Amino acid sequence: SAVTWFLGGPIRLALLPGLFLSLVNILHNLVPYDEIIPIPRFAGFIQNFPFFPYMIVFVLGYTTAAADKHIRQNSKLWSWTCLITGTVLCLSFGPIYMIQAATIRKVALGFTRGMGQWLFLMGATGLAREKFTVTQDWHHEYRAMSMPFYLTHQQVIVGFGAGAMWVPFLRTFPAMLIVTSFISLTLSYLITKSGSLRYFFGLPPPQGSCLPGKRLGELVPVLVLSGLVMLHIILANVL
């Protein structure tokens with residue numbers, strides 16, 4: 001009910017979450033992490049990895065899922081407008097880096113990132129619900145692949161890009177886009193068929209799976225992954 005009140009009406013649904021995300025991104029860009037955090041490498045990691053904006057995105061994802069019926073009714077009214085506006089804002093993200101004034105550039109980047117992503121997602125989701133009214137078998141397959149794709153595509157791009165720098169043709173944007181998309185889609189499909197390992201990529205494990213288990217309130221995988229992340233951060237700062 002709180003989410004329904006906050007996002008009540010198509011205009012508030014289109015603008016309020018995007019403005020909130022923009023504000024968080026702007027603050028993230030303006031905060032001098034290198035002056036606040038005494039560990040230089042950790043400060044650089046926080047500065048370059050938008051942890052707090054991502055956290056807000058996840059929170060908005062869970063809250064909007066709770067009011068899905070209400071959002072579904074209002075998102076149809078502004079689908080094309082949200083999609084076109086969000087696409088324009090996302091496309092302007094790159095040219096904004098050419099702005100010389102640092103403060104203006106950081107504010108503009110935060111606004112286009114937050115508002116552009118939200119409007120694009122709202123428009124794309126609304127149009128998809130309007131056009132795809134009959135569920136097909138491949139819908140379920142692609143829906144299952146979406147979370148593994150989201151979690152792995154950045155690592156695929158970085159890994160492939162690091163190796164492709166030695167090959168002039170492969171480091172061009174069209175080649176990078178085609179090859180990394182194919183690798184990410186293939187990897188995501190294999191993850192959906194990986195049995196119990198699906199659990200680590202946000203997918204429900206098959207019946208009878210040993211994951212997540214019954215010990216410690218089913219939090220053993222989370223604790224293991226958290227320990228690995230902390231170990232990775234410590235080693236990265238020491239080595």
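How many helices and strands does the secondary structure of the chain come to? The answer is 11 helices and 0 strands, where helices (H or I, at least four residues) and strands (E, at least two) are DSSP runs numbered from the N terminus. This is a predicted model, in which local features need pLDDT of at least 70 and side-chain atom pairs count only at pLDDT 80 or more, while totals for chains, interfaces and linings use all residues. Residues are numbered from 1 along each chain as its sequence is written, and side-chain values use heavy atoms, with hydrogens and water left out.

**Figure 1. The chain as a whole.** From the N terminus on, the elements run α-α-α-α-α-α-α-α-α-α-α. Of the 239 residues in the chain, 28% are buried; buried means under 20% relative accessible area, exposed means over 50%, and partly exposed lies in between (1.4 Å probe, protein chains only). A contact is defined by heavy atoms within 4.5 Å. Among contacts between residues at least 6 apart in sequence, 65% join residues at least 24 apart.

**Figure 2. The largest cavity and its lining.** Rolling a probe the size of a water molecule over the atoms shows where empty space is left. On a 1 Å grid over the protein atoms alone, a cavity is a set of points where a 1.4 Å probe fits but cannot get out, and lining residues have an atom within 4 Å of a point. Grid points are joined across faces, edges and corners, and a volume is the space filled by probe spheres set on the points. A search of the whole structure finds 2 cavities of 30 Å³ or more, and the largest holds about 40 Å³ of space. Its lining consists of Leu21, Asn25, Pro53, Tyr54, Val57, Arg113 and Gln117. Two or more residues of this lining come from each of α2 (10-30), α5 (51-66) and α8 (102-131), and α5 gives the most, with 3 residues. By class, the lining has 4 nonpolar, 2 polar and 1 charged residues. Here Ala, Val, Leu, Ile, Met, Phe, Trp, Tyr, Cys and Pro count as nonpolar, Asp, Glu, Lys and Arg as charged, and the others, Gly among them, as polar.

**Figure 3. The salt bridge between Lys193 and Glu141****.** The whole structure contains 1 salt bridge, defined as a side-chain nitrogen of Lys or Arg within 4 Å of a carboxyl oxygen of Asp or Glu. The side chains of Lys193 and Glu141 form this pair at 3.7 Å, N to O. Lys193 lies in the loop between α10 (173-192) and α11 (220-238), and Glu141 lies in helix α9 (residues 137-164), so the pair ties together parts that are 52 residues apart in sequence. Lys193 is exposed, at 51% relative accessible area, whereas Glu141 is partly exposed, at 27%.

**Figure 4. Cys82 and Cys90.** The search finds 0 disulfides in the whole structure, a disulfide being a pair of cysteine sulfur atoms within 2.5 Å. Cys82 is buried, with a relative accessible area of 6%. Cys90 is partly exposed, with a value of 32%.

**Figure 5. Ser184 and its surroundings.** Ser184 belongs to helix α10 and is buried, with a relative accessible area of 1%. Apart from neighbours within four places in sequence, Ser184 is in contact with Phe149, His153 and Val156.

**Figure 6. Thr125 and Ser79.** Thr125 sits in helix α8 and is partly exposed, at 36% relative accessible area. Thr125 and Ser79 are 46 residues apart in sequence, and their C-alpha atoms are 7.9 Å apart in space.

Note on methods
On a 1 Å grid over the protein atoms alone, a cavity is a set of points where a 1.4 Å probe fits but cannot get out, and a pocket is an open set with protein on both sides within 12 Å along at least five of seven lines; lining residues have an atom within 4 Å of a point.
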